[in-house]
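The following exercises are to be worked with the coordinates at hand. Each task is followed by a solution in steps.

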Amino acid sequence: MPDTQTPQRIEPAYPKDRTTVGGPRLGPRGWARWGWRQLTSMRTAIMLLLLLAAASIPGSLFPQRSVDPVQVRRFVEDNPDLAPWLDRLFLFDVFSSPWFASIYLLLMISLLGCIIPRTAQHARALRAEPPRAPRRLGRLPAMAQATVPGAPGSVLATARDVLAAKRYRLRQAGAGDRSLTGEKGYLKETGNLLFHLAMLGVIVAFAAGHLLGWRGEIIIKEGQSWTAGPASFDTLNLGPLASTDNIPTFTVQLDRLDVAFETQADGAQFGQPRKFDGLATVDIPGQAPEQQQFAVNHPVSVDGDSIFLLGNGYAPVVTIRAPDGQLLYSDAVTFLPQDNNYASEGAIKVTARDPGLGLVGGFLPTLRLDPELGMTSSFPGLADPALVLTAFEGDLFADGRPQSIFTIDTEQMTQMTDGEGAPVAMLLRPGEYFELPDGTTVELEGVIRWAGLLVRHDPGRMPALAFALAAGAGLALMLGVRHRRIYVRIEPDDSTAAATGQVVVTVGGLPKGTDPALQRIVDDVLARIAATSATHHPPTPGSHEDTP
């Protein structure tokens, strides 16, 4: 009879309360090693790169002190409650903030921790021989097999010649070894390392440009010159490690500024800019003056530094004389454009008169009288230029603080009125003049142009370009080169085939990653081996061969 005894239950070897079982404690060294592996992983590098891109967004949403301090000051004045909190978070200095620098440094450390071990591993792989062929090539992703004529040693030599002709690096076969390994595509990993090194170089180059670079903005009128110096810039922003001693000495004269606009009145592009270019003379001490053409995307070059054209506008030439004919003021006044039709605002400050005289108003390149908007400009070109001004007299600098050249603080001044008590308002065209109630004359002699230029010193610019080109080359190698191994194994055929002098050739392929063309390459290698072996060892009469 069968044994009906109830089987005994076997208790597990581990305790019932699994909560009492724990892994080994890592300790400080283990946790440090785990943290380093997490930091240097590719996933962390990608996350830090995305985080760096996200951290750059506030730099485009809020004005930056390093780019436009005037705009930052205006934002603070318009938002007195919000601006202090934004300033505490360094949102007006995003790219020099501690939190942005932390992401920057972590990304550099992550890339270094990823690149250095992989570089050492790649160097060892370049010196090492390809591995031995596995015994069962049928398990590989790509495989082909055929029976070819010839002795095993001869067919193996043929396979070696075929792979060598395809520039595969071969493994030296041992005594009695009937297998062969060929490997190629090492440049794929080389390109991968080159790309990551170049990206690291780009980051370092941008950091060097920020730390050691400087930029300054100036306004030059046609026919006038400007000499570089720490005090001659309208705005000057130095990098954290830059000094005013790094600013070279040179002189730039604006010889000509040509601006053209679309004049097709019935077209959709009417008034749109068509040309912004000019001619400037650069004078560097110890060198002959050089005349250079410049445009929006074609800067003037000065000893490796660049002078870019940022903007342009009109500068009416105004002459002011006292009632007795004494010259009080004569200069081209910079007016700042406010719209696409170059309706501009500006101010004229006459300190030679007592009390001081201030003229505030606008310049209109093409005057148009609009019933609703009043006087505006209908075209950015000088079709019908007009200067519209009102006059104030008093202390121009009552509080002693510096003022913008485009505005006047009229709190301590009195607006001039005519005989009927109405505010003085003047409309001048080139060649016309206006007489103020006290006999002072204001004349518009003509109109010239001014150019807003950016002088930029960026020592990381050219290295960044070189590293960017290297990154492109590395990316091309990564995407264009396939790393693959081809294995060839020679086996004697069955007794019948062996008697006729034939062997079985098996070719297998193993890619690194995906390789859609691998099977085709394996078939081609086998076909070449079979064709060469058939040429050197034709089959004997009555024999047969299996070709792919």
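**Exercise 1. Charges over rings**

Determine which ring lies beneath the charged end of Arg88, and at what distance from the ring centre.

Solution. The model is a predicted one. The charged end of Arg88 is placed over the ring of Trp85, 4.6 Å from its centre. A second case involves Lys184, which lies over the face of Tyr168 at 4.9 Å from the ring centre.

**Exercise 2. Helix α6**

Compare the expected span of helix α6 with the distance between its end C-alpha atoms, and identify the elements against which its buried residues pack.

Solution. Step 1: helix α6 covers residues 98-127, which is 30 residues. Step 2: at 1.5 Å a residue the helix should span 44 Å, and its end C-alpha atoms are 44 Å apart, so the two values agree. Step 3: the buried residues of α6 include Phe100, Ile103, Tyr104, Leu107, Met108 and Leu111. Step 4: the buried residues of α6 pack against α1 (27-39), α2 (42-55) and α8 (186-212).

**Exercise 3. Strand β24 and its partners**

Establish how many residues of strand β24 are buried, and in which sense β24 pairs with β1 and β23.

Solution. Step 1: strand β24 (residues 502-511) is mostly covered, with 8 of its 10 residues buried. Step 2: strand β1 (residues 142-149) pairs with β24 over 8 bridges in the antiparallel sense; here Ala142 stands opposite Gly509. Step 3: strand β23 (residues 484-492) also runs antiparallel to β24, joined to it by 9 bridges, and Ile490 stands opposite Val505.

**Exercise 4. The sheet containing β7**

State the strand order of the open sheet that contains β7 and name its edge strands.

Solution. Step 1: the open sheet has 4 strands in the order β5-β7-β8-β9, with antiparallel pairing. Step 2: β5 (225-227) and β9 (290-295) are the edge strands, since each pairs on one side only. Step 3: from one strand to the next, the twist averages 25°. Step 4: between β7 and β8 (residues 273-283) there are 10 bridges, and Arg256 stands opposite Leu279 in β8.

**Exercise 5. An aromatic pair**

Classify the pair formed by the rings of Phe261 and Phe379 as stacked, tilted or edge-to-face.

Solution. Step 1: the model contains 15 aromatic pairs. Step 2: the ring centres of Phe261 and Phe379 are 6.2 Å apart and the planes meet at 75°, so this pair is edge-to-face. Step 3: Phe261 belongs to strand β7 (residues 251-261), whereas Phe379 is in the loop between β17 (374-377) and β18 (386-394), 118 residues apart. Step 4: both Phe261 and Phe379 are buried. Step 5: the two belong to one aromatic cluster with Phe270, Phe276, Tyr314, Tyr342 and Phe363.

Technical notes
Residues are numbered from 1 along each chain as its sequence is written. This is a predicted model: local features need pLDDT of at least 70, side-chain atom pairs count only at pLDDT 80 or more; totals for chains, interfaces and linings use all residues. Side-chain values use heavy atoms; hydrogens and water are left out. Helices (H or I, at least four residues) and strands (E, at least two) are DSSP runs, numbered from the N terminus. The expected span of a helix is 1.5 Å times one less than its number of residues. Buried means under 20% relative accessible area, exposed over 50%, partly exposed in between (1.4 Å probe, protein chains only). Contact means heavy atoms within 4.5 Å. Two strands pair if DSSP finds at least two bridges between them. Rings of Phe, Tyr and Trp (its six-membered ring) pair if their centres lie within 6.5 Å; planes under 30 degrees apart count as stacked, over 60 as edge-to-face and the rest as tilted. A charge sits over a ring if NZ of Lys or CZ of Arg is within 6 Å of the ring centre and within 35 degrees of the ring normal. Axes are lines fitted to C-alpha atoms, for helices over the stretch in contact, and angles run from 0 to 180 degrees between N-to-C directions.
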